[in-house]
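Biologist: Please take one part of this model and go through it closely. I would like to hear about the largest pocket and what surrounds it.

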Amino acid sequence: MRILLVALLTLLVGAQPAFAQQDLGPDHVQTQFGPMGPAGRDLLQKVALAGLWEGPAGRMGLEKSSSPLVKEAGRHLIDGHADLDRRTAELARTFGVQLPTQPNEAQQGWLNEMRAAPARSPEFDRVFANRLRAAHGVVYKFLASVRTGTRNTAIRDYAKVCMDTVLDHMTVLEATGMVDFTDTEAIPLALVAQPSSIAPTPPAALPQANSQYAQQRQPQDDGLPDGAVGLGVLALVVAGLWFWTSGRSSRRMHS
């Protein structure tokens, strides 16, 4: 009986780590900041790619535009990506992530458009504002998804800084007055903000018996998770067996 009690106690002590431990798959590695997975690595590489073309685009904004607002946006791009480039390189060394060194084909095409547009022209300002605003909108959504799902604290903090920087860039680009929001392919409409054409249906009232049953069940549903309840039950069983065996031993000693 004592062997059984020892086995149950061992199971009870070791159960909590078993509940907490999760297998995230071979693509994740454990680090001092938490698990590092494909999304974190992809984030570092995409931010590095953004800096490879947005930094040069910002410098072109300073050199080729006559608009003070475009020049201001160019300064924000240069300063923001200088800071992000430093942070990205540091985290890439920490996690062993290889970063790109050249803009991709689409980014190179956007830079070529800016180079081809005449200096001090409205055409340059439009290409500058619209290409950069559209790209920042896509990156912002990606950053939000990684920030929401990652369990790595370093990547979470990094994504927050990136989101703040990208939002700043979007704001100054929009302030130029050159962003074409009717181009819904580059900047999709925010469908969630549009009023629904169908009035919401009010929920049907529950029968009184079901309401009472729900009230009776509520304290149980709002309590501990199933795993913790199971551990509690197991602890009670172990305690009961212990007292039962102790009582038998005591009776044998007094008999």
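**The largest pocket and its surroundings**

Modeller: Helix α5 gives the largest share of the lining of the largest pocket, seven residues. Keep in mind that this is a predicted model. The pocket holds about 380 Å³ of space. Its lining has 18 residues, and W110, A134, A135, V138 and V139 are the closest to its centre. Three elements give two or more residues to this lining: α2, α4 (105–116) and α5. By class, the lining has ten nonpolar, three polar and five charged residues.

Now turn to the second largest pocket. About 240 Å³ of space lies there. Again α5 gives the largest share of the lining, here six residues. A134 and V138 are among the lining residues of this second pocket, and both are also among the residues closest to the centre of the largest one. Others in the second lining include R133, G137, Y140 and K141, along with M170 and A186. I187, P188, L189 and A190 line it too. Nine of its lining residues are nonpolar, one is polar and two are charged.

Helix α5 spans 122–149, and it also gives two or more residues to the largest nonpolar core. So do α2 (38–64), α3 (68–95) and α6 (153–174). The most comes from α6, with eight residues. This core has 19 residues, and L43, L44, V47, F95, L143, I155 and Y158 touch the most other members. Take L43. Leaving aside neighbours within four places in sequence, L43 is in contact with F142, L143, V146, I155, Y158 and A159. A second, separate core has 16 residues, including M60, L111, M114 and A117. In soluble globular proteins, nonpolar side chains tend to be buried together.

One more residue of α5 deserves a look: R126. Is R126 buried or exposed? Neither: R126 counts as partly exposed because its relative accessibility is 43%, and that class lies between under 20% for buried and over 50% for exposed. R126 and V179 are 53 residues apart in sequence, yet their C-alpha atoms are 7.0 Å apart in space.

Finally, step back to the chain. It has eight helices and two strands. From the N terminus, the order is α-β-β-α-α-α-α-α-α-α. Of its 255 residues, 31% are buried. Take the contacts between residues at least 6 apart in sequence: 76% of them join residues at least 24 apart. The accessible surface of the chain comes to about 16300 Å², and 59% of it belongs to carbon and sulfur atoms.

Conventions
Residues numbered from 1 in each chain as written. Predicted model: local features only at pLDDT ≥ 70, side-chain atom pairs only at ≥ 80, totals over all residues. Heavy atoms only, no water. Core = buried A, V, L, I, M, F, W, Y, C linked by side-chain atoms within 4.5 Å. Buried < 20%, exposed > 50% of the residue type's maximum accessible area, 1.4 Å probe, protein only. Helix = DSSP H or I, 4+ residues; strand = E, 2+ residues; numbered from the N terminus. Contact = heavy atoms within 4.5 Å. Areas by Shrake-Rupley, 256 points an atom, 1.4 Å probe, with all protein chains shown as cover. 1 Å grid on protein atoms, 1.4 Å probe; cavity = no way out; pocket = protein on both sides within 12 Å on 5 of 7 lines; lining within 4 Å. Points joined across faces, edges and corners; volume = space filled by probe spheres on them. Nonpolar A, V, L, I, M, F, W, Y, C, P; charged D, E, K, R; others polar.
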